[in-house]
Amino acid sequence: MTSDITTPFYQYILDGGNGLTPKEDVLYGVRQDALARFRTLGLPDLKTEAWRYTNIQRVLKEQPFVLQQQALPVTAAQLAPAFIPELSCYRAVLVNGHLQPELSELPAAKDITITKLSEATQQKGFKTFFDKHPHLADQPFAALNTALFADGLFIELKANAVLDKPLHIIHVYTLTQHAFLQPRHLWIAHPHASATVIESTLGLHNDAVAFVNSVNEVVLEENAELWHYNIQNAVQNSRHINQTAARQETYSRYHHYNFALPQATMIRNNTSVALTGSYTETDLHGLYLANGNQHVDNHTFVDHLVPHCNSNELYKGVLLDTANSVFTGRIHVHQDAQKTNAFQQNNNLLLSEKATINSQPQLEIYADDVKCSHGFTVGQFSDESLFYLRTRGIGAEAAKHLLVNAFAFDITDQVHIPALQHYLTEEIRTVISN
Amino acid sequence: MLTIKNLHAEVDGKEILKGIDLEIRKGEVHAIMGPNGSGKSSLASVLAGRENYTVTQGEVNFDGKDLLELSPEDRAREGMFLAFQYPVEIPGVSNINFLKTALNEIRAYKGLPAMEAKEFLKLTKEKQQLVEFNANLMNRSLNEGFSGGEKKRNEILQLAMLDPKLGILDETDSGLDIDALRIVAGGVNKLRGPEKSFLVITHYQRLLDYIVPDFVHVLYNGRIVKTGTKELALELEEKGYDWLKEAEVHV
């Protein structure tokens with residue numbers, strides 16, 4: 001099961017990935033199809049439009065990786081720093097993608113099912129929705145994940161269930177050697193169900209590099225509502241490709257918030273939503289705060305397939321040092337999707353002359369009775385603003401923090417849980433103060 | 001209160017202030033007039049601590065402290081306030097939050113606890129009335145989308161809230177219609193007192209009809225070339241600034 005992911009690895013996959021999936025695996029057929037898809041799509045390079053600003057091959061070639069890493073023991077004391085202070089919540093702890101019930105505090109099974117994905121393959125929800133999201137079909141890393149994933153989280157909110165507290169999912173990574181991990185999740189909210197889910201990361205691997213290629217399929221059935229916060233606060237020795245692919249049925253409401261924070265070396269998010277039912281509400285909001293030589297790449301895709309859907313997208317970036325970021329916002333309004341409202345905005349604040357941003361809106365509109373807009377700005381910290389605040393007695397540090405918070409406010413203000421809002425504001429303060 | 005001796009300052013290697021001497025005592029109002037480019041705003045900038053100015057000679061004593069040694073924030077905390085000619089717009093920072101932060105930073109410097117919310121609101125209400133400041137603007141982003149007059153009133157509101165020992169008004173009158181000018185000047189007049197001094201920088205004599213100074217100085221080419229009482233302002237209004245060129249030859 002061990003292989004390099006350098007050229008020999010790629011060759012290994014091309015040769016059929018022999019032995020990666022035993023024939024008796026119930027998903028053998030699905031995995032073989034995914035491998036074939038990966039072989040057809042190939043590894044993206046700088047000539048691949050969607051990857052032209054993120055040199056993924058270079059990252060993959062940095063060092064050899066193993067492809068499997070079982071969960072290693074994690075103590076309660078090691079886990080504690082990942083908790084969000086003052087947040088009353090349920091907790092699901094995954095170590096290297098494997099759910100650890102003894103470290104978790106899961107809600108009662110009456111309203112919600114939370115299990116290992118590997119144990120859910122016979123569930124109706126799994127059979128209906130697993131690997132069915134239309135946006136995953138042309139994604140090589142999604143195909144690779146389907147072929148190779150070991151485990152992940154299966155969440156199923158029953159019809160009419162309202163989760164009384166947020167569910168905090170902590171992704172712990174702890175490694176003995178460089179590893180290329182493929183967590184895979186499937187979340188389903190049945191009709192009229194509602195919940196808040198917060199994801200965050202705890203990196204306990206010191207010298208070992210974690211390359212995490214995760215895929216999360218999210219299904220919102222009729223009138224379901226999901227608040228989804230993804231806090232990407234990994235450690236330096238990690239690279240992340242994260243694909244969140246949601247689909248929404250009629251009247252459903254999906255609020256997605258992404259916070260990309262230090263210190264992961266590379267973060268690539270493919271966040272996409274397929275609107276398959278009318279009268280839906282979608283918020284895709286992101287704040288990326290990057291320092292050092294971090295590379296943060298957000299690709300978003302809102303697919304308006306049917307009429308009367310509303311989508312709002314706001315991504316804001318604060319870049320320090322030599323950080324590098326990419327934003328690509330794709331909106332596709334199909335011919336049938338009349339009365340669509342689709343708005344997109346990307347604003348950036350460069351706090352260093354050496355930081356860069358590449359931003360690209362991609363609007364494809366085939367319906368004629370729609371309201372769509374997009375905008376992009378990039379600004380610098382104005383010395384004049386800083387001086388103005390200082391002449392009022394506000395110290396340089398406090399002034400900087402005030403200005404960054406002011407910029408991030410549009411996003412942080414919408415966080416609907418006060419403890420989480422406070423936690424994020426403090427995280428921002430820490431990054432700026434350093 | 002403020003003693004400036006032989007102050008020389010430059011920007012990008014170009015000398016702008018060429019030996020300023022000025023003494024402002026407690027409770028006095030001094031006006032500095034002069035043509036464009038004479039160094040009026042530069043003097044305000046140097047006193048407030050703007051970074052692109054380099055002081056090459058001279059000293060400034062502010063209430064017993066070496067002013068030039070202090071950071072811009074410490075100058076403010078020691079009781080200096082500069083009302084900007086062009087107040088900055090800062091989206092996302094609400095006016096009220098900004099005032100609270102500034103006030104409490106100054107209080108912390110003086111060893112005072114943060115002001116109670118109730119007391120702060122009372123103070124804000126009281127000072128708003130002083131400059132007839134629209135209460136709706138308090139929760140808006142700092143100066144964002146404010147009219148010229150609203151911005152200048154906001155400067156005086158801040159001055160009133162932060163209660164400095166010395167207020168420097170840098171061309172606060174420029175761009176104001178007569179009603180706004182009356183309100184701004186009225187606010188300043190109500191703040192005048194035996195413990196508070198003002199340095200009023202202006203291009204026009206008009207402002208000095210409303211804020212009557214104890215002394216008027218004429219700045220030309222980086223130096224104070226003439227000092228007098230409020231009558232000097234009237235003389236300048238009548239004669240313009242051209243005669244200064246000749247005067248300079250004789251200095």
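This report describes a sheet in chain B and the two largest internal cavities of a predicted model.

**The sheet of chain B**

An open sheet of six strands occurs in chain B, with mixed pairing and the strand order β6-β9-β10-β3-β11-β12. Its edges are formed by β6 (80-83) and β12 (223-228) of chain B; each has a single partner strand, so one side of each lacks a neighbour in the sheet. On average, and with direction ignored, neighbouring strands of this sheet are turned by 20° against each other.

At one edge, β6(B) runs parallel to β9 (residues 166-170) of chain B, and four bridges join the two strands. Within β9(B), B:Ile168 is the residue opposite B:Leu82. Helix α8 (residues 230-239) of chain B lies across β3 (29-33), β11 (215-220) and β12 of chain B, at about 45° to β11(B).

**Cavities**

Across the whole structure, five cavities of 30 Å³ or more are found. The composition of the lining is given below for the largest and the second largest.

| Cavity | Nonpolar residues | Polar residues | Charged residues |
|---|---|---|---|
| Largest | eight | 10 | one |
| Second largest | six | six | one |

The largest cavity holds about 190 Å³ of space. Its lining comprises 19 residues, with A:His171, A:Ser214, A:Asn230, A:His240 and A:Asn242 nearest the centre. At least two lining residues come from each of β5 (167-173), β8 (194-203), β9 (210-220), β10 (225-232) and β11 (238-248) of chain A; β9(A) supplies the largest share, four residues.

The volume of the second largest cavity is about 100 Å³. It is lined by 13 residues, of which A:Gln68, A:Asn96, A:Ala150, A:Leu181 and A:Gln182 are closest to its centre.

Methods:
Residues numbered from 1 in each chain as written. Chains lettered and ligands numbered in written order. Predicted model: local features only at pLDDT ≥ 70, side-chain atom pairs only at ≥ 80, totals over all residues. Heavy atoms only, no water. Pairing = 2+ DSSP bridges. Axes fitted to C-alpha atoms, helices over the stretch in contact; angles between N-to-C directions. Contact = heavy atoms within 4.5 Å. 1 Å grid on protein atoms, 1.4 Å probe; cavity = no way out; pocket = protein on both sides within 12 Å on 5 of 7 lines; lining within 4 Å. Points joined across faces, edges and corners; volume = space filled by probe spheres on them. Nonpolar A, V, L, I, M, F, W, Y, C, P; charged D, E, K, R; others polar.
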